[in-house]
Amino acid sequence: MFRDVSSCNTYNYGDALYWDSRYIQEAGGAFDWYQRYSSLRPFVRRYVPTSSRVLMVGCGNALMSEDMVKDGYEDIMNIDISSVAIEMMRRKYEFVPQLKYMQMDVRDMSFFPDESFDSVMDKGTLDSLMCGTDAPITASRMLGEVSRLLKPGGTYMLITYGDPSARMPHLNLPTYGWNIFLYNLPRPDFKRPGGCSSTKSYLEPIPITEKGLLPADFVLEDPDSHFIYVCKKMDDTELRNIPTYPLTSEIL
C-alpha cells in the first residue's frame, strides 16, 4: 500500500497550516470538491436516511452539508483540521441548528464515543491524506476511527479519485467489517466526444472482482471520473454469517 500520487501535487494536504492559509486567501467563499450534492443525492438518499446522525469529515467551506439540510437531513456534525474553516462555517450557520462544527483531525476523533454516527461522509478527505509520505499509516488511522464511530448497519460514503486498485487495499480489511458497494460518476463538467449521450446507468453498483478490482471489460467514460465507495458496517448477525475458509497446505 503505497502513496497514491494519482491526484497529488506538491502541497501538503494533511497539514492544518496549508488549509488555514488557503481558507484565509479564499476569504469566505464556498467550494465543493469533486461533485455537488445534486449529483450525489441519489446515492446519499439510498444509503443514508434523513433521520441519520451524520459525520461530515473534512467539511471545509463546502455547501454539501447545507444542501443536505435543505433536503431534509436533521443532524450533521462537520469537522475539519482547519480552525479557520470551522470558525468561518460556525459563523455562517450559527442559526441552522441541524449543522454543528468542530475543529478536529480525522486521524484522532476520540472526542466521540464508539458507534456515535449512522453515517460518515468523505468527499476528498482520504484523498488528501493519501498524498502524504506516510499515507498508509495516516489512512489506516483515519479509517480505523471511521469504523469505530459507525453504528452497526451504518455507512461510510467515500467520494474519491482513487480507483479500486488504489483504495480497496485500504478499505477492504476484515477488521472494519464492511460490505463495500462501488459506483462511478463522471466529473460534473465532463463532455462526451461528439456530444453523444450515454445510456449507462450510474446508479447501478459496479461488480468488482474477487481481488477487489474493476472488471476487465469495464470502461471509464471519463478517465478522470470519481469513484463512490459505500462501505456498510455489518452487524453481529452479518459478521457471524461470513464464511470462513480453513488454511490448507496449498495456501500455506
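Q: Is cysteine 231 buried or exposed in this predicted model?
A: Let's start with the cut-off: a residue counts as buried when its relative accessible area is under 20%. Cysteine 231 has a relative accessible area of 0%. That value is under the cut-off, so cysteine 231 is buried.

Q: And what does cysteine 59 count as, buried or exposed?
A: Use the cut-off of under 20% again. Cysteine 59 comes in at 7% relative accessibility, so cysteine 59 counts as buried.

Q: How many disulfides does the structure hold?
A: A disulfide is a covalent bond between the sulfur atoms of two cysteines. To count here, a pair of cysteine sulfur atoms has to sit within 2.5 Å. The number of disulfides in the structure is 0.

Q: Which strands are the edge strands of the sheet?
A: The open sheet is built from 7 strands with mixed pairing, and their order is β3-β2-β1-β4-β5-β7-β6. An edge strand here pairs on one side only. That description fits β3 (99-103) and β6 (178-185).

Q: On average, by how many degrees are neighbouring strands of this sheet turned against each other?
A: Direction is ignored for this one. The average turn between neighbouring strands is 15 degrees.

Q: Which residue in β7 does asparagine 179 stand opposite?
A: β6 and β7 (residues 226-233) pair in the antiparallel sense, over 8 bridges. Opposite asparagine 179, in β7, stands lysine 232.

Q: At about what angle does helix α6 run to β5?
A: Helix α6 (residues 135-149) lies across several strands, including β1 (53-57), β4 (117-123) and β5 (150-160). Its angle to β5 is about 140 degrees.

Technical notes:
Residues numbered from 1 in each chain as written. Predicted model: local features only at pLDDT ≥ 70, side-chain atom pairs only at ≥ 80, totals over all residues. Heavy atoms only, no water. Buried < 20%, exposed > 50% of the residue type's maximum accessible area, 1.4 Å probe, protein only. Pairing = 2+ DSSP bridges. Helix = DSSP H or I, 4+ residues; strand = E, 2+ residues; numbered from the N terminus. Axes fitted to C-alpha atoms, helices over the stretch in contact; angles between N-to-C directions. Contact = heavy atoms within 4.5 Å.
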